[in-house]
Amino acid sequence: SQANDKVENMYDVKKFQQVCQGKSEGAEVSFAYKGIIWNGTCQAQFFPSSSKVMLKGDEAELNSICQSNPQATSINIEGKEIKGKCALGFKAPRP
């Protein structure tokens, strides 16, 4: 089997929130996206309000801010303030 290496940015804020809509935290999810089957769980995390923000989706701040402040409306990543909110969304398992 081969990995889909033709896709540069796999982080899709809307898709990652959509697959967890109506689910509870910790719920297992599986979905197809850009030729890849994604398996993971729904977890609280920070989602930027602008789709123009270039994030990889694995930045530590995206998860840590919601654990310490679930009502956060902005975070700072690499010196840049990013506006958004904490919400339930897809999270891939970490090794």
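Two rings of Phe, Tyr or Trp count as a pair when their centres lie within 6.5 Å, and a pair whose planes are over 60 degrees apart is called edge-to-face. With that in mind, let us walk through this predicted model, which holds 8 aromatic pairs. One of them joins Tyr-11 and Phe-16: the ring centres are 5.8 Å apart and the planes stand at 85°, so this pair is edge-to-face. Tyr-11 and Phe-16 are both buried. Another pair is made by Phe-31 and Phe-90, whose ring centres are 5.1 Å apart with planes at 90°, so here too the arrangement is edge-to-face. This pair links distant parts of the chain, since Phe-31 sits in strand S1 (residues 28–33) and Phe-90 in strand S4 (residues 80–91), 59 residues apart.

How do these rings fit together? Ring pairs link Tyr-11, Phe-16, Phe-31, Tyr-33, Trp-38 and Phe-90 into a cluster. Phe-31 is a good place to pause. Its relative accessible area is 9%, so Phe-31 is buried. Not counting residues up to four places away in sequence, Phe-31 touches Lys-15, Phe-16, Val-19, Ile-36, Ile-37, Trp-38 and Phe-90. Phe-90, its ring partner, has a relative accessibility of 3% and therefore counts as buried as well.

Now let us step back to the whole chain. The protein has 2 helices and 4 strands, and reading along the sequence gives the pattern α-β-β-α-β-β. Of its 95 residues, 35% count as buried. Among the contacts with a separation of 6 or more, 56% are between residues 24 or more positions apart. On the outside, the accessible surface comes to about 6600 Å², and carbon and sulfur atoms account for 48% of that area.

Inside, the largest nonpolar core has 23 residues, and those with the most contacts within this core are Tyr-11, Phe-16, Phe-31, Trp-38, Phe-46, Leu-62 and Phe-90. At least two residues of this core come from each of helix H1 (13–18), S1, strand S2 (36–48), H2, strand S3 (74–77) and S4.

Helix H2 deserves a visit of its own. Which residues of H2 are buried? They are Leu-62, Asn-63 and Cys-66. These buried residues cover an arc of only 90° around the axis, which means they lie on the same side of H2. A general rule helps here: an α-helix has 3.6 residues a turn, so residues three or four places apart point the same way. The buried residues of H2 pack against S2, S3 and S4, while Ala-60 and Ser-68 are exposed on the other side of the helix.

Let us look at one of those buried residues. Asn-63 belongs to helix H2, which spans residues 60–68. Is Asn-63 buried or exposed? With a relative accessible area of 17%, Asn-63 falls under the 20% limit and is therefore buried. Leaving aside neighbours within four places in sequence, Asn-63 is in contact with Ala-44, Gln-45 and Lys-91.

The loops have details worth finding too. Lys-23 lies in the loop between H1 and S1, and its relative accessible area of 38% makes this residue partly exposed. Beyond its neighbours within four places in sequence, Lys-23 is in contact with Val-29, Cys-42 and Leu-88. Along the chain, Lys-23 and Cys-42 are 19 residues apart, and their C-alpha atoms are separated by 7.4 Å.

Further along, Lys-34 lies in the loop between S1 and S2. Its phi is near 55°, a positive value in a residue other than glycine. At 40% relative accessibility, Lys-34 counts as partly exposed. The loop between S3 and S4 holds Glu-78, which also has a positive phi, of about 50°, although it is not a glycine. Glu-78 has a relative accessibility of 78% and so counts as exposed.

We end our walk with a charged pair. How many salt bridges does the structure hold? There is 1, and it is formed by Lys-83 and Glu-81, whose closest N and O atoms are 3.7 Å apart. Lys-83 counts as exposed at 52% relative accessibility, and Glu-81 is exposed with a relative accessible area of 55%.

Definitions and conventions: Residues numbered from 1 in each chain as written. Predicted model: local features only at pLDDT ≥ 70, side-chain atom pairs only at ≥ 80, totals over all residues. Heavy atoms only, no water. Buried < 20%, exposed > 50% of the residue type's maximum accessible area, 1.4 Å probe, protein only. Contact = heavy atoms within 4.5 Å. Phe/Tyr/Trp six-rings, centres within 6.5 Å; stacked < 30°, edge-to-face > 60°. Salt bridge = Lys/Arg side-chain N within 4 Å of Asp/Glu carboxyl O. Areas by Shrake-Rupley, 256 points an atom, 1.4 Å probe, with all protein chains shown as cover. Core = buried A, V, L, I, M, F, W, Y, C linked by side-chain atoms within 4.5 Å. Arc of directions from axis to C-beta.
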